[in-house]
Amino acid sequence: MKLYDCATAPSPRRVRIFAAEKGIQLDMVAIDLANGEQFGDAFRAINPDCVVPVLELDDGTRITEVLAICQYLEELNPEPPLIGRTPEERAAAVAWFTKIEQQGLLAMRDAFRNSAKGLKGHALTGPVGYEQIPELAERGRHCVRGFFERLEQQLDGNEFVAGAYYSIADITALVLTDFAAWTKIELPDDSVNLRRWYEKVSSRPSAKA
Ligand SMILES: N[C@@H](CCC(=O)N[C@@H](CS)C(=O)NCC(=O)O)C(=O)O
C-alpha cells in the first residue's frame, strides 16, 4: 500500500503513527505541499480535495480522510487495537478523536492558516482560494488553549485520552500538541495531567513516525 504523505504535515503524521503502532509498512509518496504539488493535475487526479493523506491499496482503490484510513488499517490488522477493544471503547475512542479534531485541530488550522505568510490566499485547504482573516488566527489560538484545559480535565483519572488504553485519540492529541508547540502555543503551566500524558505518548517509538 502507498501513502501519499508530507513529512511536515499533521494529518498524514497521524496515519504514519497509527501504521507504526501496528507494524504496517507503507510505501511513502511525498507530496510537496509547500510548493503546491497538491494543486497540480497529477495529484488532483488522486484526490480532488487536494489534501494528504491518501492511502492507495494494491488494487488502486484510494482512501481519503485520516479516520477512514485508520479504520481500514484497524480492520486489516486488528492488533494492537487502536480504536477500542469493545463497542464501548470504540465509541469513546471515536468520540475523543472527533472532539480533538473539531475543537483542537480545526482551531489549530484556523490559527496557523490565517497567519502563515506562505498561506496567503489559502486560508482553507482545497482547490478554492480563501483569504486569511487575522481575527480567526487569534480566535484559533484562544480555542486551542481552551481545549488543552478540556484535555487536562479528561486526563485527570484517565491514563490515556479515551480511557485506560492507548488509542487513535492519543495519536490525534499528540499531533495537536506538537503542532501547537511548533506555533508557540504551549501547554498551560499547571497542566500536570497533560504533561504526564505527553511524556508517556511522545516517548513511544511510533511518535517519531
Ligand atoms: N480532513 C482531512 C484533512 C487533511 C488535511 O487537511 N491535510 C493537509 C495537511 S495536514 C493538507 O493536505 N493540506 C494541503 C494544503 O495545505 O494545501 C483528513 O482527515 O485527512
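**A four-stranded sheet and its helices**

In this predicted model, Asp5 stands opposite Ala30, a residue of strand S2. Helix H3, which spans residues 66–76, packs on the sheet and touches strand S3 (54–56) and S4. The direction of H3 makes about 125 degrees with that of S4. A second pair of bridge partners ties S2 to the start of the chain, with Lys2 matched to Asp27. Both pairs can be placed in a wider pattern: strand S1, residues 2–5, and strand S2, residues 27–30, pair over four bridges, and the sense of the pairing is parallel. Together with helix H1 (residues 10–22), S1 and S2 make a β-α-β unit, and the unit is right-handed.

The sheet as a whole is open and is formed by four strands, which run in the order S2-S1-S3-S4 with mixed pairing. Its edges are taken by S2 and by strand S4 (62–64), each of which pairs on one side only. From one strand to the next, the twist averages 25 degrees.

It is worth turning next to how the helices meet. The axes of H1 and H3 come within 10 Å of each other, crossing at roughly 10 degrees. Angles under 35 degrees count as roughly parallel, so H1 is roughly parallel to H3. On the H1 side, the residues that meet H3 are Ser11, Arg14, Val15, Phe18, Ala19 and Lys22. Their counterparts in H3 are Val66, Ile69, Cys70 and Leu73.

Further along the chain, helix H6 covers residues 168–182. Its 15 residues reach 21 Å from the first C-alpha to the last, close to the 21 Å expected at 1.5 Å a residue. H6 is mostly covered, as 12 of its 15 residues are buried. The buried residues run from Ile168 through Ala169, Asp170, Ile171, Thr172, Ala173, Leu174, Val175, Leu176 and Thr177, and also include Phe179 and Ala180. What covers them includes H1 and H3, along with helix H4 (87–113), helix H5 (134–154) and helix H7 (192–202). H6 is followed by Lys184, which has a positive phi near 70 degrees.

Several loops also carry backbone features that a reader may like to find in the structure. In the loop between helix H2 (41–46) and S3 sits Pro53, which is joined to Val52 by a cis peptide bond with an omega of about 10 degrees. Cys50 lies in the loop between H2 and S3 as well. The phi of Cys50 is near 60 degrees, a positive value in a residue other than glycine. Cys50 has 20 other C-beta atoms within 10 Å and is therefore buried, since the cut-off for a buried residue is 20 or more.

Another cis peptide bond joins Glu79 and Pro80, here with an omega of about -15 degrees. Pro80 is found in the loop between H3 and H4. On the other side of H3, the loop that leads from S4 to H3 contains Glu65. Although Glu65 is not a glycine, its phi is positive, at about 75 degrees. Glu65 has 15 other C-beta atoms within 10 Å, so it is partly exposed.

Conventions. Residues are numbered from 1 along each chain as its sequence is written. This is a predicted model: local features need pLDDT of at least 70, side-chain atom pairs count only at pLDDT 80 or more; totals for chains, interfaces and linings use all residues. Two strands pair if DSSP finds at least two bridges between them. Helices (H or I, at least four residues) and strands (E, at least two) are DSSP runs, numbered from the N terminus. A crossover is right-handed if, with the strands pointing away from the viewer, the path from the first strand over the helix to the second runs clockwise. Axes are lines fitted to C-alpha atoms, for helices over the stretch in contact, and angles run from 0 to 180 degrees between N-to-C directions. Two residues are in contact if their C-beta atoms, placed from the backbone, lie within 7 Å. The expected span of a helix is 1.5 Å times one less than its number of residues. Angles under 35 degrees count as roughly parallel, over 145 as roughly antiparallel, 65 to 115 as roughly perpendicular and the rest as oblique.
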